[in-house]
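Biologist: Please take one part of this model and describe it closely. I would like the central strands first, then whatever surrounds them.

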Amino acid sequence: MKVCVYPGTFDPFTVGHLDILKRAGAIFDHVIAGILINANKKPVFSVEERMHFIESAAKSAAITNFSVESFDGLLVDFCRQKGAGVIVRGLRAVSDYEYELQLAAMNHRLAPDVETVFLMTDARYSYLSSSIVREIGSYGGSITGMIPPEYEKYIAERLLKK
Ligand code: ADP
């Protein structure tokens, strides 16, 4: 069985993330959405909230071959622990390239047996990021179409309150 890990902060999980999850699910037998717990980042949404967002978005999109887990420490260690030989990352604009290249090269150096695969996002989502959503939402702007509708209202309210 081909298992991949799709890692990210997912703060919050957007329709762009969902697009990548769906594409990965069509290629691999099982996708583990791995929520990275990074002590240096102060996420707005708790791990439990982020897990719930991913699960409800995937359910509505009829994606069934996935699971959601959180992890800290090295991504390659998490992959090995889960028996996943592939890391999936999404690519948007050229601006993602340099950072992703560095990450992939480092992970390859640490674990040559774990391969990184890049999936291009749908052009409609190429300028969408969690940080843009957080910024717009904190000023009360509309985030419709950026966040799966199931929890858009919840996110809009939480961001305004912040
Ligand atoms: P990180 O904090 O690790 O960059 P993110 O949660 O921002 O994590 O993103 C996780 C992954 O999803 C990354 O590979 C990122 O490039 C990808 N991604 C983020 N936004 C989009 C989008 N709009 N379309 C496609 N991929 C995306």
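Modeller: The account below starts with strand β4 and moves outward to its partner strands, the ligand, the loops and two helices.

This is a predicted model, in which local features need pLDDT of at least 70 and side-chain atom pairs count only at pLDDT 80 or more, while totals for chains, interfaces and linings use all residues. Residues are numbered from 1 along each chain as its sequence is written, and side-chain values use heavy atoms, with hydrogens and water left out.

Helices (H or I, at least four residues) and strands (E, at least two) are DSSP runs, numbered from the N terminus. Buried means under 20% relative accessible area, exposed over 50%, and partly exposed in between (1.4 Å probe, protein chains only). Strand β4 covers residues 86-91. Five of the six residues of β4 are buried, so the strand is largely enclosed by the rest of the structure.

Two strands count as paired if DSSP finds at least two bridges between them. Strand β1 (residues 3-8) pairs with β4 in the parallel sense over two bridges, and V5 stands opposite I87 there. With strand β5 (residues 115-120), β4 pairs in the parallel sense over six bridges; V117 in β5 is the bridge partner of V88. β1 also pairs with β2, in the parallel sense and over six bridges, with C4 opposite V31. Strand β2 (residues 30-36) is mostly covered, six of its seven residues being buried.

Within β4, I87 has a relative accessible area of 1% and is buried. Contact here means heavy atoms within 4.5 Å. Leaving aside neighbours within four places in sequence, I87 is in contact with V5, P7, L75, C79, N107, V114, E115, T116 and V117. By contrast with these contacts, A156 is 31 Å from I87, C-alpha to C-alpha, and 69 residues away in sequence.

E100 lies in helix α4 (residues 95-110). This residue is buried, at a relative accessible area of 6%. Leaving aside neighbours within four places in sequence, E100 is in contact with R89, G90, L91 and F118.

The ligand comes next. A residue is near a molecule or strand if one of its heavy atoms lies within 4 Å of it. The ligand is surrounded by 17 residues, of which the closest are Y6, T9, F10, K41 and G90. A polar contact is a pair of N or O atoms within 3.5 Å; within protein, one must be able to donate a hydrogen and the other to accept it, and residues adjacent in sequence count only if both atoms are side-chain atoms. A polar side-chain atom of Y6 lies 2.7 Å from an oxygen atom of the ligand. For K41, an N or O atom of the side chain is 2.7 Å from a ligand oxygen atom, and for H17 the corresponding distance is 3.3 Å. Taken alone the ligand exposes 540 Å², and the protein buries 91% of that. Accessible areas come from the Shrake-Rupley method with a 1.4 Å probe; for residues, only the protein chains shown count as cover.

F10 is found in the loop between β1 and α1. Its phi is near 50°, a positive value in a residue other than glycine, and F10 is buried at a relative accessible area of 2%. P12 is found in the loop between β1 and α1 as well, and the peptide bond from D11 to P12 is cis, with omega near 5°. A62, in the loop between α2 and β3 (66-71), has a positive phi of about 60° although it is not a glycine. A62 counts as exposed, at 63% relative accessibility.

Two helices remain. In α5, S130, V133 and G137 are buried. Seen down the axis of α5, its buried residues fall within an arc of 60°, so they line one face of the helix; the arc is that of the directions from the helix axis to the C-beta atoms. These buried residues pack against α1 (15-27) and α6. Just after α5, G140 takes a positive phi of about 80°.

In helix α6 (residues 152-161), the buried residues are E152, I155 and L159. Seen down the axis of α6, they fall within an arc of 65°, so they line one face of the helix. The buried residues of α6 pack against α2 (47-60) and α5 (130-138). On the other side of α6, K153, L160 and K161 are exposed.
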